[in-house]
Amino acid sequence: MKDISSIGAVDPTGHFHGSLLSMILDAGGMVQFVLLLLLFFSVVSWAIILLKYRTIKKVRRENSIFLDLYMKKDKLSEIFPEAKKFRYSTVAEVFRAGYTELAKLTRAIKGSASAREADDPGLAALPLNGIDNIERAMNRACGTECTKLESTLGFLATTGSASPFIGLFGTVWGIMHTFRGIGVKGSATLAIVAPGISEALIATAAGLAAAIPAVIFYNYYLNRIRAITMEMDNFVSELLNIIKRHYLG
């Protein structure tokens, strides 16, 4: 920690250096540690914000393209190879999961039919529990995709809630340090008090600067992910209806 006599960015002539950089450099060790911690939170938060923006933009674009393709095709078997091309599309991933389960069930039913009695169309149809299996597979895919999209949002929530308190801690510590210096000097003029208080308040400002964008983008991305989740749920319902219409025995 800096020597008490060096409280505040005050030069030998008694003038206060009001620049932000000089106040940070002249702040106490604990305040500087708090500022470094808040810088870390801020940098990581902005990295998450930018990466999440890029990811969600790709998801929405590929979902839109895939749904257009889905509406144009007549057969699910024609959509499946195309769905593999959409790496970021959550809807395509749900479709792949549902179609894979459907193909697995139909193969099992056809294999069983050919082993016992060939050309029985009733055995080629899916039983009701087969539909449940497909629904579970698609719901599981929905859950996995939501988990992927919501990953790292927890860090934004933590930054938004904890950073102001971390900054406040730095401010309280800085003010304590300032008053300690005042006690040692035995003087409480504005020229002595103001620099120390200014340095301490930087921590609060840094905490708010880290927290505000984190909270804004956390809520923004949460709403976007809810919309994507709703889109997946609607797709699951629609695909299940098609499967029930064409495959249910």
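Which helices each supply at least two residues of the lining of the largest pocket? Keep that in mind while you load the chain; the answer comes at the pocket stop.

**Stop 1: the whole chain**

Start with everything in cartoon. This is a predicted model, so colour by pLDDT before anything else. The mean over the protein chain is 83, and 84% of the residues reach 70 or more. Now select H2, where confidence is highest, at a mean of 94, and then helix H5 (residues 121-124), where confidence is lowest, at a mean of 45.

Two stretches deserve a separate colour. Residues 1-9 have pLDDT below 50, although this stretch still has 29 contacts in the model beyond near neighbours in sequence. Residues 118-123 also stay under 50, and there the model has four contacts beyond four places in sequence. Where pLDDT is low, the predicted coordinates should not be read in detail.

Switch to colouring by secondary structure. You'll find eight helices and zero strands, so to speak a plain run of α-α-α-α-α-α-α-α when read along the sequence.

Next, turn on the surface. The protein chain exposes about 14,000 Å², and carbon and sulfur atoms supply 63% of that area. Of the 249 residues, 39% count as buried. If you draw a contact map, look away from the diagonal: among contacts with a separation of 6 or more, 79% come from residues 24 or more positions apart.

**Stop 2: the largest pocket**

Back to the opening question. The helices to select are H2 (29-72), H3 (76-83) and H8 (190-247), each of which supplies at least two residues of the pocket lining. H8 gives the most, with four residues.

To centre the view, pick Asp74, Lys75, Leu76, Ile242 and His246; out of 13 lining residues, these lie nearest the centre of the largest pocket. The volume here is about 250 Å³. Colour the lining by class and you should get seven nonpolar, two polar and four charged residues.

**Stop 3: the cavity**

Now for an enclosed space. How many cavities of 30 Å³ or more does a search of the whole structure find? The search finds one, and about 60 Å³ of space lies in this largest cavity. Select Gly28, Gly174, His177, Thr178 and Glu199, which are the closest to the cavity centre of the 10 residues that line it. Helix H7 (153-185) and H8 are the elements that give two or more residues to this lining. By class, the cavity lining has four nonpolar, five polar and one charged residues.

**Stop 4: threonine 171**

Stay with H7 and select threonine 171, which is found in this helix. Is threonine 171 buried or exposed? With a relative accessible area of 5%, threonine 171 is under the 20% cut-off and therefore counts as buried. Show its surroundings as sticks: setting aside residues up to four places away in sequence, threonine 171 touches Ala200, Leu201, Ala203 and Thr204.

**Stop 5: threonine 152**

Step back along the chain to the loop between H6 and H7, where threonine 152 lies. Check the backbone here. Phi of threonine 152 is near 75 degrees, a positive value in a residue other than glycine. Most residues other than glycine have a negative phi. Because its relative accessibility is 42%, threonine 152 counts as partly exposed.

**Stop 6: cysteine 146**

Next, select helix H6 (residues 128-150) and pick out cysteine 146 within it. Cysteine 146 is buried, at a relative accessible area of 13%. What is cysteine 146 in contact with, leaving aside its neighbours within four places in sequence? The partners are Thr229 and Met232. Then draw a distance between C-alpha atoms: cysteine 146 and isoleucine 225 are 79 residues apart along the chain, yet their C-alpha atoms are separated by 7.3 Å.

**Stop 7: glutamate 101**

Finish in helix H4 (residues 90-116), where glutamate 101 is found. Glutamate 101 is buried, since its relative accessible area is 14%. Show the residues around it, and leave out those within four places in sequence. Glutamate 101 is in contact with Asn133, Ile134 and Ala137.

Technical notes:
Residues numbered from 1 in each chain as written. Predicted model: local features only at pLDDT ≥ 70, side-chain atom pairs only at ≥ 80, totals over all residues. Heavy atoms only, no water. 1 Å grid on protein atoms, 1.4 Å probe; cavity = no way out; pocket = protein on both sides within 12 Å on 5 of 7 lines; lining within 4 Å. Points joined across faces, edges and corners; volume = space filled by probe spheres on them. Nonpolar A, V, L, I, M, F, W, Y, C, P; charged D, E, K, R; others polar. pLDDT = per-residue confidence, 0-100. Contact = heavy atoms within 4.5 Å. Buried < 20%, exposed > 50% of the residue type's maximum accessible area, 1.4 Å probe, protein only. Areas by Shrake-Rupley, 256 points an atom, 1.4 Å probe, with all protein chains shown as cover.
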